[in-house]
Amino acid sequence: VQLQASGGGSVQTGGSLRLSCAASVRPRSSTIMGWFRQAPGKEREFVANIRWSSGSTFYASSVKGRFTISRDNPKNTVNLQMNNLKPEDTAVYYCAAGSLFSGLIRDYDYWGQGTLVTVSS
C-alpha cells in the first residue's frame, strides 16, 4: 500500500488548510487511517484517526474541535480539514494506515511521505 499526502502550505494564524491522503489500493474495511505530525525538534505525535468501515474518529486533545478527519470511499482518500490553525500546529503531517484503532506510531504499518504545514503568527 502506498500513501500519498498532499495539501500542505503556509497560512496565518486562524487560517484553514485541507490535507488529503490517497491510498494506492482500496483500504480494507478493517483499516484504520491516521494522521500524525512532527514539529521541528519534536517527536512525531498522533493527530487523528478514522475507521475506514464505520467512519468512527478519534482526535488528539490539542486539535479536537478544530480539525476534522473524513474519508472519501470512492477516491480511497482520507482528508484532514484543519481550521483555526495556530503556530503550534506547524509541522510535517504524515498519513498512515494500520489495523488497530490506536494513536501509537507502532500500530501503523504504512506511511506517506509527509506534507509541510506552516502557520505564522
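The following exercises, each with a worked solution, concern a predicted model.

**Exercise 1. The disulfide**

Task: Determine which cysteines form a disulfide, and establish which parts of the chain the pair ties together.

Solution.
- Step 1. A disulfide requires two cysteine sulfur atoms within 2.5 Å. The sulfur atoms of cysteine 21 and cysteine 95 are 2.2 Å apart, and these residues therefore form a disulfide.
- Step 2. The count by this rule is one disulfide.
- Step 3. The torsion about the S-S bond of cysteine 21 and cysteine 95 is about 65°, so the disulfide is right-handed.
- Step 4. Cysteine 21 belongs to strand S3 (residues 17–23) and cysteine 95 to strand S9 (residues 91–98), so the pair ties together parts that are 74 residues apart in sequence.
- Step 5. Cysteine 21 and cysteine 95 are both buried.

**Exercise 2. The nonpolar core**

Task: Describe the largest nonpolar core, stating which residues have the most contacts inside it and which strand gives the most to it.

Solution.
- Step 1. In soluble globular proteins, nonpolar side chains tend to be buried together.
- Step 2. Here the largest nonpolar core has 34 residues, and Trp35, Leu80, Met82 and Tyr93 have the most contacts inside it.
- Step 3. Several strands each supply at least two residues of this core, among them strand S1 (3–6), strand S4 (32–38), strand S5 (45–51) and strand S11 (115–120).
- Step 4. S9 gives the most to the core, with five residues.
- Step 5. The surroundings of methionine 82 can be listed by setting aside its neighbours within four places in sequence. Methionine 82 is then in contact with Gly15, Ser16, Leu17, Leu19, Arg66, Phe67, Tyr93 and Val117.

**Exercise 3. The largest pocket and threonine 31**

Task: Characterise the lining of the largest pocket, and decide whether threonine 31 is buried or exposed.

Solution.
- Step 1. The largest pocket holds about 250 Å³ of space.
- Step 2. Its lining consists of 14 residues, and Val1, Arg28, Thr31, Ala97 and Tyr110 lie nearest the centre of the pocket.
- Step 3. By class, the lining residues are seven nonpolar, four polar and three charged.
- Step 4. S9 and strand S10 (108–111) each supply at least two residues of this lining.
- Step 5. Threonine 31 is located in the loop between S3 and S4. Its relative accessibility is 12%, so threonine 31 counts as buried, the limit being under 20%.
- Step 6. With residues up to four places away in sequence not counted, threonine 31 touches Ile50, Arg51, Trp52, Ala97 and Gly98.

**Exercise 4. Exposure and backbone angles**

Task: Classify glutamate 43, serine 10, asparagine 76 and asparagine 84 as buried, partly exposed or exposed.

Solution.
- Step 1. The exposed class begins over 50% relative accessible area. Glutamate 43, in the loop between S4 and S5, has 71% relative accessibility and so counts as exposed. Not counting residues up to four places away in sequence, glutamate 43 touches Arg37 and Gln38.
- Step 2. Serine 10, in strand S2 (residues 9–12), is exposed because its relative accessible area is 64%. A distance of 22 Å separates the C-alpha atoms of serine 10 and threonine 77, which are 67 residues apart along the chain.
- Step 3. Asparagine 76 lies in the loop between S7 and S8. Its relative accessible area is 16%, so asparagine 76 is buried.
- Step 4. Asparagine 84 lies in the loop between S8 and S9. At 42% relative accessible area, asparagine 84 is partly exposed.
- Step 5. Although not a glycine, asparagine 76 has a positive phi of about 50°. Asparagine 84, not a glycine either, has a positive phi of about 50°.

Methods: Residues numbered from 1 in each chain as written. Predicted model: local features only at pLDDT ≥ 70, side-chain atom pairs only at ≥ 80, totals over all residues. Heavy atoms only, no water. Helix = DSSP H or I, 4+ residues; strand = E, 2+ residues; numbered from the N terminus. Buried < 20%, exposed > 50% of the residue type's maximum accessible area, 1.4 Å probe, protein only. Core = buried A, V, L, I, M, F, W, Y, C linked by side-chain atoms within 4.5 Å. Contact = heavy atoms within 4.5 Å. 1 Å grid on protein atoms, 1.4 Å probe; cavity = no way out; pocket = protein on both sides within 12 Å on 5 of 7 lines; lining within 4 Å. Points joined across faces, edges and corners; volume = space filled by probe spheres on them. Nonpolar A, V, L, I, M, F, W, Y, C, P; charged D, E, K, R; others polar.
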